[in-house]
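Reader: I've got a structure open and I'd like to talk through what the terms mean. Can you take me through it?

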Amino acid sequence: MSNRLPTGGRVDRSAPLRFTFDGVEYTGLRGDTLASALLANGVLTVGPSLYRERPRGIVTAGVDDPHALVQLERPHSEPMQLATTVELCDGLAAISLQGRGRLDEAPDEARYDKSYLHSDVLVVGGGPAGLAAALTAGRSGARVVLVDDQPELGGALLGGGREAIDGRPALTWVAEVRAELDAQPETRVLTRATAIGYHDQNYVLVAERRPDLPGGGGRLWHFRARQVVLATGAHERPLVFAGNDRPGVMSAAAVRSYLNRHAVLPGRRAVVFTTGDSAYATALELAAAGAAVPALVDTRPEPPAALVEAAGAAGIEVLTGSVVVGTEGEARLTGVRISALADDGSELTGPVRELACDLLAVCGGWSPAVHLWSMSRGTVRYDEQLAAFVPDSAAQAVRAVGSGRGRHDLAGCLSEGLTAGAEAATAAGFPVTAPVVPSCSGDEQPAPPRPVWLVPGEEGDPSTWRDHFVDAQRDATVADVHRAIRAGMRSVEHIKRYTTIGTAHDQGKSCGVAAIGVIAQLLGARSPGDVGTTTYRGPYVPVSFALLAGRERGPLFDPVRTTPVHPWHVRRGAVFENVGQWQRPHYYPRPGEDMDTAVWRECRAAREGVAMMDASTLGKIDVVGPDAGVFLDRLYTNGFAKLPVGSARYGVMCRADGMVFDDGVTVRLAPEHYYLTTTTGNAAAVLDWMEEWLQTEWPELRVRCTSVTEQWTTVAVVGPRSREVLAALAPGLDVSNEAFPFMTVRHTELANGVPARICRISFSGELAYEINVASWYGLAVWEAVLAYGAHAGITPYGTETMHVLRAEKGYPIVGQDTDGTVTPQDLGMAWIVARHKDFVGKRSFDRPDTSRADRKHLVGLLPVDRSELLPEGAQLVAPGADLAAVPVDPLGHVTSSYRSAALGRTFALALVRGGRDRIGDTVLAPLADGRTITATITEPVLFDPKGTRRDG
Amino acid sequence: MTADSLAADNRAVDRLAHLRRSPLGGLADRLAAGSAPGPRGVRLREIPYLAQLNLRLDPIGPAARRVAEALGTPLPDRTASVTVTGALRVLWLGPDEWLVVGPDGTAPGVEQTLRQVLGDEPGSLVDLSANRTTLELSGPSARAVLEHGCSLDLHPRAFGPGHCAQTTVSKVQVILDQTDAEPTYRLLVRASFARYLADWLLDAMSESTP
Amino acid sequence: MLLIACPWCGERDETEYHYGGQAHVAHPADPAALTDAEWGEYLFVRANPKGDFAERWLHSAGCRRWFNVVRHTVTHDITAVYPAGQARPDAHTEVTA
């Protein structure tokens with residue numbers, strides 16, 4: 001541990017941790033980041049740059065590092081992690097990356113989860129300002145949450161040492177505040193938690209890391225806060241000069257943080273290069289820690305005398321009005337070149353002086369971390385005095401405090417935090433006053449900086465400055481910005497896209513404002529304020545898809561709906577199909593059967609014997625009230641007000657544009673009580689639709705709609721022998737055709753005592769019944785039907801067979817044979833459209849477009865080769881169509897296609913332009929695989945067109 | 001509601017009890033195994049077959065007054081969204097909609113009583129007892145478990161005993177009814193979603209009960 | 001994720017709602033009396049303002065009631081929430097988040 005100081009730091013020297021980096025073993029300490037542990041071991045260089053393969057080193061101590069990307073291999077695999085934010089643990093293994101990571105192919109065992117939390121006051125940032133805000137707000141009794149991205153609270157104070165509050169070390173104050181916050185019953189503190197997004201109505205997403213979990217992981221917090229305080233701190237800016245990407249060029253604040261927080265001395269001979277006061281502390285503390293500090297280069301001609309004096313006392317020469325103009329060294333910095341700078345910054349004056357060093361600590365100024373503020377739609381303005389973009393007007397209930405709004409002295413940060421915490425709590429309904437600001441020392445109000453956005457090169461002009469890095473991660477230089485401007489770009493957004501500046505892993509956290517400064521300089525603008533910023537977008541730091549997915553993966557990916565009969569379907573070996581969120585049996589293969597064979601067998605049973613299906617997924621709605629009939633008349637194209645009690649009727653609903661929306665059978669159970677069924681996928685949409693009309697257009701109608709979908713289990717019993725099965729199942733019911741005719745409903749008690757509502761309706765053309773029972777009896781009744789049908793060989797069938805049976809009869813399925821552009825007339829259902837009443841969509845049938853003769857009609861298709869199956873979705877063209885034309889003139893497309901046991905051949909349904917006028921014509925289906933299937937257009941009803949089978 | 005009418009109802013249920021299956025009947029052992037006692041504990045069980053009658057009527061009409069008298073409690077409104085009368089809980093679902101929840105088997109008796117007092121008033125009364133089942137989540141960590149997938153503010157200052165809400169838990173619509181301050185929540189969930197919701201709750205609970 | 005205050009259930013996340021498009025577009029009382037152009041206007045033409053917009057929402061995961069919201073289409077600030085059937089409030093009072 002060549003660079004670890006013998007004492008100090010917030011590291012646990014009793015707990016050495018072994019780790020490897022690029023295969024080499026090292027030792028670090030608990031409390032280290034991977035970066036601090038590497039620096040302690042004398043490792044400064046990380047992966048080379050993405051495009052130019054230049055050596056690069058660790059620059060910062062936080063989320064804004066542009067270089068230190070690593071691939072974590074242990075304790076768990078994670079690509080694209082920053083060494084500066086990875087907490088060291090025993091056994092950690094990492095390798096350096098050249099800009100790109102790779103996903104591990106092994107399953108991710110980490111547990112990612114999410115939680116919703118509401119608070120009165122959410123404070124983002126656990127530095128002095130945020131702590132002060134949380135403290136006051138918490139004292140009000142409000143529900144307060146404080147989130148901070150570090151393992152411990154303190155913010156910048158963790159990297160300091162000389163700061164004092166009330167005459168004691170500042171971190172003592174931090175510990176006392178933490179204790180008080182922990183004691184407040186309604187205050188919650190989350191560490192290792194990074195606010196990544198700020199959305200409408202104070203919706204803030206926070207990504208929490210959970211290294212405590214065995215396999216790692218984290219939690220995405222969804223916060224909704226009445227008031228937000230942003231105490232997000234500031235990022236130290238780099239400076240743009242030749243060779244500024246050399247390993248050994250580091251952020252001055254990061255150097256200080258490594259010294260004080262991790263007891264690591266990143267270099268032995270350091271030069272400090274600054275535009276303001278803050279880097280003086282770095283220089284002084286480096287010297288105090290034993291490093292040689294030959295010079296402090298300050299851009300200001302007249303820095304504060306006290307600072308110059310303090311530096312001088314420590315043996316540090318202060319070079320005023322000067323800049324670093326170049327660096328020496330290959331894999332690591334060996335020296336810097338320094339020159340005086342003209343007052344207007346345009347040229348170097350005076351001779352270049354060379355100084356040997358292995359560390360250059362750079363402070364190009366401070367940029368408040370306005371990312372979240374900006375995401376909240378708050379505006380920012382450029383402050384000439386601070387040389388920074390700072391929060392301006394808020395768009396939501398949010399306050400920015402501390403260095404996050406350009407306040408850089410400790411007393412000021414505390415004052416702003418205490419006040420903002422009190423204001424936020426008061427605004428949230430918990431009045432409280434801010435306490436007196438404690439006395440502070442060691443971190444005073446800084447003197448104004450002298451920003452230098454572009455240090456002139458010693459030679460050439462901006463078009464040749466290819467080693468002046470603006471965004472080092474993108475290898476983008478001043479020459480690139482110059483080229484963008486020469487190409488005519490002026491807007492920072494355009495230049496960003498042209499040069500890719502700010503688009504890398506760090507999203508321009510450190511380089512963004514520096515880049516704006518360069519652009520301003522090259523454009524000859526007065527200041528960066530005249531150029532403006534780019535848009536800040538979430539997430540503030542990269543987050544993994546695994547975190548975003550949380551537990552919504554595998555079986556919990558999306559809700560799965562099942563019927564009461566589901567356990568039986570599973571036992572019977574059904575193959576399931578997803579229909580919306582429902583899992584429905586697709587078919588029930590017997591041993592050795594493939595799908596075609598099973599469906600063929602199930603179809604034959606329904607047409608020749610008896611078969612049964614679980615139809616419980618149909619949407620079911622009770623429509624109740626004196627005006628129920630009138631209401632249904634207005635929604636359906638056909639009439640329901642005059643439907644006799646005890647009878648059923650098929651209906652079609654259209655949208656106002658006349659396009660088919662849903663269909664189903666409705667039963668009138670009582671004069672003021674209808675029982676309406678919808679398609680499986682449309683149940684919720686139909687109920688919403690009915691409520692929409694009732695609530696927004698016809699509130700005078702006395703009708704109430706209630707979903708009863710899961711109240712009833714529905715078993716369809718289908719086939720010529722269904723009557724005899726029902727007769728045995730329902731001994732008290734007269735099942736004769738006369739007593740129980742088609743499209744009627746009966747109530748009875750089944751042989752097992754279960755009350756049932758039985759409808760004689762058919763979706764297959766066969767004699768058929770639908771038995772409805774309270775769903776908790778569903779499984780028992782299903783098994784009873786199976787038992788009473790056993791002697792007749794009753795065969796369970798799935799959705800595929802249901803589709804074949806209905807398609808043979810030309811019955812369309814809404815959503816499969818229709819797509820929102822199809823009218824009832826297009827389906828050949830003009831008979832269902834009432835002439836003498838108005839209903840939703842009727843007017844649209846008189847529109848020129850809906851009365852065109854060449855609309856697409858639903859027709860049947862018979863492939864000329866009786867065994868050839870048309871793919872659903874296949875496009876159809878007329879014989880002789882020019883297939884080379886772009887686009888090919890299409891006639892229509894296949895909507896449904898099956899093998900039919902009843903027809904002994906394949907067939908399809910299709911929407912074909914002017915199809916009803918083309919019956920008997922031939923169409924071609926040219927397929928992607930090169931085949932062309934020839935088929936004949938027919939009427940859509942291919943089986944039992946006279947309907948002779950319905951009564952058994 | 002008299003005890004007699006509830007007992008009479010139960011006899012009809014008893015006759016068919018052997019044929020009934022609740023949506024989570026097969027999961028009782030898993031629900032128990034996923035539960036844990038203790039200061040961070042949480043328990044999950046199914047309360048099957050609760051009587052549930054969906055009532056819709058004009059909240060300020062004469063029928064509403066008659067219904068309140070028959071139930072022995074005013075119909076709740078949005079602010080105090082649950083009222084309790086004997087064994088029945090009346091949940092506010094919307095400005096003209098309530099759910100009367102009672103013990104297994106009480107639906108026919110309650111329905112008969114309410115239908116009588118409704119008279120000819122326009123409104124609706126629909127038996128939804130089999131439409132949903134009830135999951136009961138209780139224990140010190142119950143709120144934290146729900147917060148994994150429910151965006152409602154469940155803090156005692158915002159939600160507590162006497163409150164119910166229709167909302168979503170992990171994308172599943174539920175009626176959430178807090179029955180005590182431990183806290184104990186009832187999640188009334190449509191039968192088709194019950195298995196998914198139970199699996200989701202067990203998974204969320206596994207964080208509190210490793 | 002908008003936070004929308006249902007007039008009946010209070011503040012809920014946007015995911016509990018369904019969007020219903022522009023408010024106050026009444027279904028014509030006598031569609032047959034309209035010209036094709038007028039009917040087409042009703043069917044297909046909606047306002048798309050940059051600014052305050054009265055629109056319909058359905059609390060589909062809650063009380064299933066349709067209601068109206070005045071929302072600013074740029075800032076998403078919601079300045080009014082009112083039941084279906086009521087006129088759009090003229091005075092836009094500030095609502096703090």
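Author: Sure. Keep in mind that this is a predicted model. Let's begin where the two chains meet: about 4000 Å² is buried between chain A and chain B, and carbon and sulfur atoms give 51% of that area.

Reader: Why is that area called "buried"?

Author: Because buried area is the accessible area that two parts lose on being put together, summed over both. For chain A and chain B that loss comes to about 4000 Å², so the figure counts as buried area.

Reader: What makes a residue part of the contact between chain A and chain B?

Author: Contact means heavy atoms within 4.5 Å. With that cut-off, 51 residues of chain A are in contact with 43 residues of chain B.

Reader: Why is the pair A:Arg143 and B:Asp153 called a salt bridge?

Author: The rule wants a side-chain nitrogen of Lys or Arg within 4 Å of a carboxyl oxygen of Asp or Glu. Here the side chains of A:Arg143 and B:Asp153 meet at 2.8 Å, N to O. That is within 4 Å, so the pair qualifies. Across the interface of chain A and chain B, the rule finds eleven salt bridges. As for polar contacts, the count between the two chains is 28 residue pairs, with both residues at pLDDT 80 or more.

Reader: Which strand gives the largest share of chain A's side?

Author: Strand 8 of chain A does, with eight residues. By class, the side of chain A that touches chain B has 21 nonpolar, twelve polar and 18 charged residues.

Reader: Now the cavities. What makes a space a cavity rather than a pocket?

Author: In a cavity, a 1.4 Å probe fits but cannot get out, whereas a pocket is open. Counting cavities of 30 Å³ or more gives seven. The largest has a volume of about 290 Å³. It is lined by 24 residues, and the closest to its centre are A:Val59, A:Pro66, A:Pro238, A:Asn244 and A:Ser510.

Reader: Why does A:Val59 count as lining the largest cavity?

Author: A lining residue has an atom within 4 Å of a cavity point. A:Val59 is one of the 24 residues that line the largest cavity, so it has such an atom. By class, this lining has 13 nonpolar, six polar and five charged residues.

Reader: What about the second largest cavity?

Author: That one holds about 100 Å³ of space. Its lining has 13 residues, and A:Pro48, A:Ser49, A:Pro66, A:His67 and A:Gln473 are the closest to its centre.

Technical notes. Residues numbered from 1 in each chain as written. Chains lettered and ligands numbered in written order. Predicted model: local features only at pLDDT ≥ 70, side-chain atom pairs only at ≥ 80, totals over all residues. Heavy atoms only, no water. 1 Å grid on protein atoms, 1.4 Å probe; cavity = no way out; pocket = protein on both sides within 12 Å on 5 of 7 lines; lining within 4 Å. Points joined across faces, edges and corners; volume = space filled by probe spheres on them. Nonpolar A, V, L, I, M, F, W, Y, C, P; charged D, E, K, R; others polar. Buried area = accessible area lost by both parts, 1.4 Å probe. Polar contact = N/O pair within 3.5 Å; in protein donor to acceptor, adjacent residues only side chain to side chain. Helix = DSSP H or I, 4+ residues; strand = E, 2+ residues; numbered from the N terminus.
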